[in-house]
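Subject: Handover of a structure and findings

Dear colleague,

Please find below the structure that I am handing over to you. The findings follow directly after it.

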Amino acid sequence: MSQSTYSRRAALAAIFAVGVQLAVAGRARAETPPAVEAPAPTAWSSLSAEEQKALGRYSDKWDSMPAEQQQRLVRGTRRWLAMSPEQRQKAQERFARWKDLSPEQKELARKRWHKYRELTPEQQARVREDYHRFKRLTPEQRQKLRERWQNASPEERQKMLERRRQRMQRQGRPPPQ
């Protein structure tokens, strides 16, 4: 090959290398998520009297809390204040049950919640419907159903699920996924 061919190839290789470098750098910038602005702190004085009363135990350390924590507390307080007395009672009962769970049970509950949140709205509605149907059973019926499921072999469980799908189709309801 002649000297000019080598020079041309070297020049093309250099241009290619520079092009690749620019493309990689541009892609890296494009893939960098935009900076998320941190929420602004919430001034204690901007809270209503009811909110301040509900958050009273945090008043001494409010200004030193991260803004995210302040906003979580304010959102929770506003939800609490918007609840009826019956809703508050139920929430307190759920919280008491939560406190009694072991760390393993809490982790399992969190995983199930995240899995539920990934379902489509239709699937979530089916889960809620099935839950309410289960809760309407008597404690004896629930226990019997639990025991039947726990004592079933994997093949028997598959048959139980298949029968349920068929029942749902006969009722005109979409089967679970």
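A residue is called buried when its relative accessible area is under 20%, exposed when that area is over 50%, and partly exposed in between. By that rule, buried residues account for 12% of the 177 residues in the protein chain. Please keep in mind throughout that this is a predicted model.

Overall architecture

The protein chain contains eight helices and zero strands. Its pattern, read along the sequence, is therefore α-α-α-α-α-α-α-α, a strand being a run of at least two E residues in DSSP. Taking the contacts between residues at least 6 apart in sequence, 32% of them join residues at least 24 apart.

The nonpolar core

In soluble globular proteins, nonpolar side chains tend to be buried together. Here, the largest nonpolar core is made up of seven residues, namely L47, L55, Y58, W62, M65, L73 and V74. Setting aside residues up to four places away in sequence, V74 touches T42, L47, L55 and W62.

Helix α3 and its surroundings

Helix α3 spans residues 67-82, and two of its residues deserve a description. A67 lies in this helix and is buried, because its relative accessible area of 11% is under the 20% limit. Apart from neighbours within four places in sequence, A67 is in contact with P39, A40 and P41. With P39, the separation is 28 residues along the chain and 6.0 Å between C-alpha atoms.

T77 is also found in α3. Is T77 buried or exposed? T77 counts as buried, because its relative accessibility is 9% and the limit is 20%. The side chain of T77 reaches the backbone oxygen of L73 at a distance of 2.8 Å. Beyond its neighbours within four places in sequence, T77 is in contact with E51, A54 and L55. L73 and L55 are both among the residues of the largest nonpolar core.

D63 is placed in the loop between α2 (49-54) and α3. This residue is exposed, because its relative accessible area of 69% is over 50%. D63 and T42 are 21 residues apart in sequence, and their C-alpha atoms are 8.3 Å apart in space.

Helix α6

Q123 has its place in helix α6, which covers residues 121-136. Q123 is buried, because a relative accessible area of 18% is under 20%. Its side chain reaches the backbone nitrogen of T120 at 2.9 Å.

The two largest pockets

How much space lies in the largest pocket? The volume is about 2,100 Å³. The lining of this pocket consists of 34 residues, and those nearest its centre are R94, R97, W98, A109 and W113. At least two lining residues come from each of α3 (67-82), α4 (85-100), α5 (103-117) and α6 (121-136). Sorted by class, the lining has 17 nonpolar, six polar and 11 charged residues.

The second largest pocket has a volume of about 1,200 Å³. It is lined by 24 residues, of which D130, F134, L145, L161 and R164 lie nearest the centre. Two or more lining residues are given by each of α6, α7 (139-151) and α8 (154-170). By class, this lining has 11 nonpolar, three polar and 10 charged residues. Helix α6 thus appears in the lining of the largest pocket as well as in that of the second largest pocket.

Points to look at in the model

When you open the structure, the following places may serve as a starting point:

- the seven residues of the largest nonpolar core, including W62 and V74;
- the contacts of A67 with P39, A40 and P41;
- the side chain of T77 and the backbone oxygen of L73, at 2.8 Å;
- the centre of the largest pocket, with R94, R97, W98, A109 and W113 nearest to it;
- the centre of the second largest pocket, with D130, F134, L145, L161 and R164 nearest to it.

With kind regards

Conventions: Residues are numbered from 1 along each chain as its sequence is written. This is a predicted model: local features need pLDDT of at least 70, side-chain atom pairs count only at pLDDT 80 or more; totals for chains, interfaces and linings use all residues. Side-chain values use heavy atoms; hydrogens and water are left out. On a 1 Å grid over the protein atoms alone, a cavity is a set of points where a 1.4 Å probe fits but cannot get out, and a pocket is an open set with protein on both sides within 12 Å along at least five of seven lines; lining residues have an atom within 4 Å of a point. Grid points are joined across faces, edges and corners, and a volume is the space filled by probe spheres set on the points. Helices (H or I, at least four residues) and strands (E, at least two) are DSSP runs, numbered from the N terminus. Ala, Val, Leu, Ile, Met, Phe, Trp, Tyr, Cys and Pro count as nonpolar, Asp, Glu, Lys and Arg as charged, and the others, Gly among them, as polar. Buried means under 20% relative accessible area, exposed over 50%, partly exposed in between (1.4 Å probe, protein chains only). A polar contact is a pair of N or O atoms within 3.5 Å; within protein, one must be able to donate a hydrogen and the other to accept it, and residues adjacent in sequence count only if both atoms are side-chain atoms. A nonpolar core is a set of buried Ala, Val, Leu, Ile, Met, Phe, Trp, Tyr and Cys residues joined through side-chain atoms within 4.5 Å. Contact means heavy atoms within 4.5 Å.
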